[in-house]
Each structure stands twice: as structure tokens, then as C-alpha cells.
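Dear colleague,

I am handing over a structure that is new to you, and my notes on the ligand and the empty spaces follow below. Please look at it first and then read on.

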Amino acid sequence: MTLEDRTCVVTGASRGIGRGIAKEFGRHGASVAVNYRSSEAAAHEVVDAIEETGGEAIAVQADVADNDAVAGMAEAVRSAFGPADVLVNNAGLTVDRTFKNMTPEDWQRVVDVNLGGMYNCTHQFFEDIVDADCGRLINISSVVGQQGNYGQANYATTKSGMFGFTRTIALELARTGSTANCVAPGFVRTDMLDEVSDHVQEQILERIPLERFAEVDDITGIVRFVASEDSGYMTGQILAVNGGMEW
Ligand code: NAP
């Protein structure tokens, strides 16, 4: 059980990649905080699934863009399981428009959730990770942060921004024995990909050497490895999990 006795917080864990990470962590012995913003029933289903496999979990509501709400989440996690050992900043969204049509609101909402949420959660759990044995900060970025993508100036900017943040926090954590890394998935079959038209999905598929989109399970095992004590000599890295796409 690679994550036994570890308290793991996964943001945006009610659906998609975050749900897969939370369940993977639970299966490997972690106590898991399943964060969600609006999908309460789905978050509770994730908790039930973890408990059915013998793990322990709680659902915690917080919009990661709201620092006070994230502070409340941190208190709830500590009172249930104690300080966090692992934080996965996974919560994210897209508001796609060509730059010409992108309003200030479209820009700001994506920045507030994808970058502001990463700041808020890291800020609230930072001391826990500093003090933990083998603390882990894991930021879920994207191949889009590496390549850019038509219609995603706001999203690509936030996903690139995660790289600079991760490398810097990795340096600041280095003396503590804790690490910070990014996992940068390619295109993964979730609700987020479903929002992309069939025509654009076909164009993306042509650029993937492995000739298929990722399933959530293609990502979760790698995140579990990064969360484990086995990854201790790796920090400040970007793990590209994208079916062989270049960047
Ligand atoms: P998804 O299926 O749309 O799920 C998004 C999750 O994030 C949901 O659980 C949602 O919770 C949560 N969320 C959204 N805004 C939030 C907020 N303000 N506060 C708290 N939770 C919030 O997305 P996904 O495809 O799993 O993506 C997860 C992460 O992977 C994102 O950071 C995304 O950028 C990244 N990624 C995805 C892909 C892909 O192709 N799917 C590729 C590369 C990277 P509620 O439902 O409760 O609102």
C-alpha cells in the first residue's frame, strides 16, 4: 500500500481525472479529501467508492478560486485526518474562444480557477507539506500549456503558468525533503474533452502518435507514483503523459 497513512487532498475530485486520482489514492491506502465545487452527489459517490475498497475519505465543498472557502476546506481536512501529506491541484476549467472573441470575464474566470485555485490551495496546505515526511505538491497541467491550442489562450496561459510555479516551489521545498512536480496530460476522455466538437476531436487525434485519447486510468497511476515516497529524488519536473505528442 504505497500511500498508507498519507493524507491526500485532491481538488476537483468529483469528476474526470480528479475522481480517478482520488479513487486510485484510496485503493492504495491513503485517507482522501475529495474536493468539489458543485457536483455534491458525484463527490459523495467517490467517497463511497473509496470506502467500499477499504479506504477512508471525506467530501469537502470549496470553490478553489475562493481563498476563504479553501481555508475552511483545510480546517475540515485537518480535523478529519490531520495535516495533509499530498496536495493535488487538479481542479480546472476551460472557457474556449478565439482571442478576438475572448472577453475579460472569459480570461479572468479561467485564471482565477486554474492559477488562483492553485495558489489558494498551495497557500493553505503549504506548511503541512513542509512539515510532512515526503510531502508532495502535484499540479495537473496540460500538453496545452506546452504547445498552446487554438481558442485556448486563457487556458494555455494558466497551464504554462503552472510550470514556473512548480519549479519555484520545488526549489523552496528542496531543503525540507518534500517535492513539487507537474503532471501534464495530453487529451483525456472526460467531460472537458466532451465539450470539444467532434470535428476538432478528429483533428487532435491525428496529432497523437499513440492514435487514441487517454483514459483517466492512463494518468492516475503516474500521479500515484509521484505522490508516493518512491518519487523522492524527482522534483520541479513536468511529466508529459500525452501519447507521444511533441512539445
Ligand atoms: P472535468 O471532467 O471537467 O472535471 C473538472 C473537475 O474540477 C470537477 O470535479 C469540478 O467539480 C472541478 N472544478 C471545476 N472548477 C472548480 C472550482 N472552481 N473549485 C473546485 N473544483 C472545481 O475536467 P478533467 O478533464 O477531469 O480535468 C481535470 C484537470 O486536468 C484540469 O485541471 C484540466 O485542465 C486537466 N487536464 C485535462 C485534460 C483533458 O483532456 N480532459 C487534459 C490535460 C489536463 P464540480 O463538478 O463539483 O464543479
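How do the residues of the shell around the ligand divide into nonpolar, polar and charged? They come to 13 nonpolar, twelve polar and six charged, where Ala, Val, Leu, Ile, Met, Phe, Trp, Tyr, Cys and Pro count as nonpolar, Asp, Glu, Lys and Arg as charged, and the others, Gly among them, as polar.

Please bear in mind that this is a predicted model, in which local features need pLDDT of at least 70 and side-chain atom pairs count only at pLDDT 80 or more, while totals for chains, interfaces and linings use all residues. Residues are numbered from 1 along each chain as its sequence is written, and side-chain values use heavy atoms, with hydrogens and water left out.

The ligand is surrounded by 31 residues (each with a heavy atom within 4 Å of it), and the closest are Ser39, Asn90, Tyr155, Val188 and Thr190. Among the polar contacts (pairs of N or O atoms within 3.5 Å), a backbone N or O atom of Ile17 lies 2.8 Å from a ligand oxygen, whereas a ligand nitrogen is 2.8 Å from an N or O atom in the side chain of Asp63. A polar backbone atom of Val64 lies 3.0 Å from a nitrogen atom of the ligand. Taken alone, the ligand exposes 890 Å², of which the protein buries 97% (areas by the Shrake-Rupley method with a 1.4 Å probe).

The space taken by the ligand is the largest pocket (more than half of the ligand atoms lie within 2 Å of its grid points). A pocket here is an open set of points on a 1 Å grid over the protein atoms alone, with protein on both sides within 12 Å along at least five of seven lines; a cavity is a set where a 1.4 Å probe fits but cannot get out, and lining residues have an atom within 4 Å of a point. The largest pocket has a volume of about 1,100 Å³ (the space filled by probe spheres set on the points). Of its 47 lining residues, those closest to the centre include Gly92, Leu93 and Met192.

The largest cavity has a volume of about 40 Å³, and its lining, which includes Thr11, Val64 and Met162, divides into six nonpolar, four polar and no charged residues.

With best wishes

Note on methods: A polar contact is a pair of N or O atoms within 3.5 Å; within protein, one must be able to donate a hydrogen and the other to accept it, and residues adjacent in sequence count only if both atoms are side-chain atoms.
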